[in-house]
Amino acid sequence: MGAYLRLELMRGFRNPVGLVMTTFFPLGLYLVFTRVLNVAPRGIGDFAAYTMVSMATYGAMGSALFIGGAIALERSKGWLAQLAITPLPAHGYVTAKLVSGAVAVLPSILVVLAGGALLSGVRLPLGTWPLLAVLIWVGVLPFAALGTAFGYSIKGQAATLAMTIVFFLLAVLGGLWLPVEAMPAGMRAVAELSPAYAAGSLGWRALDGLAPAGSSLAVLAAWTLLFAALALWRYRRAP
């Protein structure tokens with residue numbers, strides 16, 4: 001399994017299109033929001049720092065979610081059937097995908113945080129920077145399970161299209177593009193129960209020196225269990 005994991009890691013970082021979409025696209029959006037538009041909604045203190053966390057979460061969420069695209073493509077090409085005749089156990093394939101996906105989210109987090117510090121003048125206590133990276137990384141891991149479920153549910157490019165739609169909907173609903181403070185009351189109530197908002201709130205609270213809210217941790221835990229159960233069910237039923 002170690003050899004296959006190394007293969008997955010190398011394949012992930014050799015995908016320039018994927019790296020641009022999940023790493024430099026969020027950075028570009030961040031710079032547009034903070035350096036071009038620079039229109040801070042009411043209720044947001046340090047807009048550059050807040051948006052930095054939002055875009056780092058957005059990019060990392062996409063990296064984690066799009067694990068499913070690789071799984072769906074490999075299923076459609078018969079790669080899983082080929083692996084079935086090798087010594088690699090079935091759980092080894094899933095484990096390698098999840099571990100490589102967890103590693104793949106780090107560039108998007110680090111690049112956007114660096115953009116905030118170097119290009120938008122975000123200044124935070126020294127210990128807050130690694131804390132933000134860890135919190136954002138942990139917060140988006142449930143999306144790896146969701147991506148795995150998509151990969152075992154839909155084959156080929158259709159899975160990527162479906163995940164793209166879900167990705168953008170969750171990002172908007174979770175307040176990563178538009179702060180929930182700017183949303184209508186009813187939409188805000190729904191947004192605060194979304195996994196994207198729960199993930200983003202870990203970093204937003206850290207900016208104010210606050211520990212993660214218990215409600216956000218509970219929402220993340222619930223969605224993680226749901227996504228993991230869905231992924232396991234689809235894995236067992238997938239041809």
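**Exercise 1. Decide whether threonine 57 is buried or exposed, then place threonine 57 and list what it touches.**

Step 1: threonine 57 has a relative accessibility of 0%, so it counts as buried. The cut-offs here are under 20% relative accessible area for buried, over 50% for exposed, and partly exposed in between (1.4 Å probe, protein chains only).

Step 2: threonine 57 belongs to helix α3. Helices here are DSSP runs (H or I, at least four residues), strands are runs of E with at least two, and numbering goes from the N terminus.

Step 3: leaving out residues up to four places away in sequence, threonine 57 touches Ile136, Val140, Leu176, Ala199 and Gly200. Contact means heavy atoms within 4.5 Å.

A word on the model before going on: it is predicted, so to speak of local features pLDDT must be at least 70, side-chain atom pairs count only at pLDDT 80 or more, and totals for chains, interfaces and linings use all residues. Residues are numbered from 1 along each chain as its sequence is written, and side-chain values use heavy atoms, with hydrogens and water left out.

**Exercise 2. Describe the protein as a whole: how many helices and strands does it have?**

Step 1: count the elements, and you get twelve helices and zero strands.

Step 2: look at burial. Of the 239 residues in the protein, 46% are buried.

Step 3: look at the contacts with a separation of 6 or more. Residues 24 or more positions apart account for 76% of them.

**Exercise 3. Work out how helix α8 and helix α9 pack.**

Step 1: pick the two descriptors. Two packed helices are described by the angle between their axes and the distance between the axes.

Step 2: fill them in. Helix α8 (residues 142-151) and helix α9 (residues 157-173) pack at about 150°, and their axes are 10 Å apart. The axes are lines fitted to C-alpha atoms over the stretch in contact, and angles run from 0 to 180 degrees between N-to-C directions.

Step 3: find the residues that meet. On the α8 side they are Phe143, Leu146, Gly147 and Phe150, and on the α9 side Ala159, Ala162, Met163, Val166 and Leu170.

Step 4: sort this contact by class, which gives eight nonpolar, one polar and no charged residues. Ala, Val, Leu, Ile, Met, Phe, Trp, Tyr, Cys and Pro count as nonpolar, Asp, Glu, Lys and Arg as charged, and the others, Gly among them, as polar.

**Exercise 4. Classify two of the aromatic pairs.**

Step 1: a search of the whole structure turns up eleven aromatic pairs. Rings of Phe, Tyr and Trp (its six-membered ring) pair if their centres lie within 6.5 Å; planes under 30 degrees apart are stacked, over 60 edge-to-face, and the rest tilted.

Step 2: take tyrosine 50 and tryptophan 204. Their ring centres are 4.8 Å apart and their planes at 5°, so this pair is stacked. Tyrosine 50 sits in helix α3 (residues 47-65) and tryptophan 204 in helix α11 (residues 195-207), 154 residues apart. Both tyrosine 50 and tryptophan 204 are buried.

Step 3: take phenylalanine 66 and phenylalanine 167. With centres 5.8 Å apart and planes at 90°, the pair is edge-to-face. Phenylalanine 66 is partly exposed at 26% relative accessible area, while phenylalanine 167 is buried at 8%.

Step 4: widen the view. Ring pairs link Phe33, Tyr58, Phe66, Phe167, Phe168 and Trp177 into a cluster.
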